[in-house]
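I opened this entry to look up one helix pair, one single helix and a few loop residues. The notes follow in the order I checked them.

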Amino acid sequence: MSLPNKSDRAYDAIENMITFQELVPGSLISESMLMERTGLGRTPVREALQRLSRERMVEIHPNRGVFVPPTSIEAQLKLLELRRTLEALAVKLATHRAVPEQKRQMQEVVEHFRDCEPDVRSFAAILKRTHDLIVAAAHNEYISVAMAPLQGLSRRFWFAHLKDSAEELRTASRLHGDILRAICHGDETEAVNASTRLNDYLVDFAYATLHPPS
């Protein structure tokens, strides 16, 4: 496995800062601050910000700075409408197109889910890897472009609103594991059904943020 280049490292670092609200939602930040926080130069940070802008994780305002938009349930529900359809297509294609090495990595991820459940940061990394593996296994670059913002933004919303993290991580682990196992078994019907169950859960989770338990 090749090491990530500086642009990828900057992207991963800034995305994590946004996901875990180290960069305050609704705040305006500067490239120089991100260079200091990541320890990387202007070019990789700028390239990372362009990518994050395409994925709607940030808004770039020339001569003013970089805006970190707040999350909202309205936006989350809209993107989940699209994610539901595209993810079902992605897992359907993946059941037929995943190569043996991709299936091996998926099986490895299923095991990792169990190991990292108590650790939110580790879980975030394995969750992103899961999403990347499924999209890659579909072998359709247009799905990859379309899914990146849907998965990234929905991950951000989910982590930002975790209450009982242990319970939610167990649920997410089980639901994603069901998808990966079905893909590895070449079971298109179960893969699509598992994808639907995951998206049902994400919609329920979003609505629950409106009326959190007392």
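I started with Gln21, which counts as partly exposed because its relative accessibility is 39%. The model is predicted, and I kept that in mind when reading backbone angles. I noted that Gln21 has a positive phi of about 60 degrees, though it is not a glycine. I located Gln21 in the loop between H1 and strand E1 (28-29).

I then looked up Arg56, another residue that is not glycine, and read a positive phi near 65 degrees. Arg56 lies in the loop between H3 and strand E2 (59-61). With a relative accessible area of 62%, Arg56 is exposed, since the cut-off for exposed is over 50%.

Next I checked helix H1 (residues 6-19). Its 14 residues reach 20 Å from first to last C-alpha, close to the 20 Å expected at 1.5 Å a residue. I listed its buried residues as Ser7, Ala10, Tyr11, Ile14, Glu15, Met17, Ile18 and Thr19. Their cover includes helix H2 (31-38), helix H3 (42-54), H6 and helix H7 (141-160).

Last, I took the pair H6 (residues 120-138) and H8 (residues 165-184). Their axes come within 11 Å and cross at roughly 25 degrees. Angles under 35 degrees count as roughly parallel, so I entered H6 and H8 as roughly parallel to each other. The crossing of H6 past H8 is left-handed. On the H6 side I found Val120, Phe123, Leu127, Thr130, His131 and Ile134, which meet residues of H8 including Leu169, His176 and Ile183. By class, I recorded nine nonpolar, five polar and no charged residues in the contact of H6 with H8.

Methods. Residues are numbered from 1 along each chain as its sequence is written. This is a predicted model: local features need pLDDT of at least 70, side-chain atom pairs count only at pLDDT 80 or more; totals for chains, interfaces and linings use all residues. Side-chain values use heavy atoms; hydrogens and water are left out. Axes are lines fitted to C-alpha atoms, for helices over the stretch in contact, and angles run from 0 to 180 degrees between N-to-C directions. Helices (H or I, at least four residues) and strands (E, at least two) are DSSP runs, numbered from the N terminus. Angles under 35 degrees count as roughly parallel, over 145 as roughly antiparallel, 65 to 115 as roughly perpendicular and the rest as oblique. A crossing is left-handed if the near helix is turned anticlockwise from the far one by less than a right angle, and right-handed if clockwise. Contact means heavy atoms within 4.5 Å. Ala, Val, Leu, Ile, Met, Phe, Trp, Tyr, Cys and Pro count as nonpolar, Asp, Glu, Lys and Arg as charged, and the others, Gly among them, as polar. The expected span of a helix is 1.5 Å times one less than its number of residues. Buried means under 20% relative accessible area, exposed over 50%, partly exposed in between (1.4 Å probe, protein chains only).
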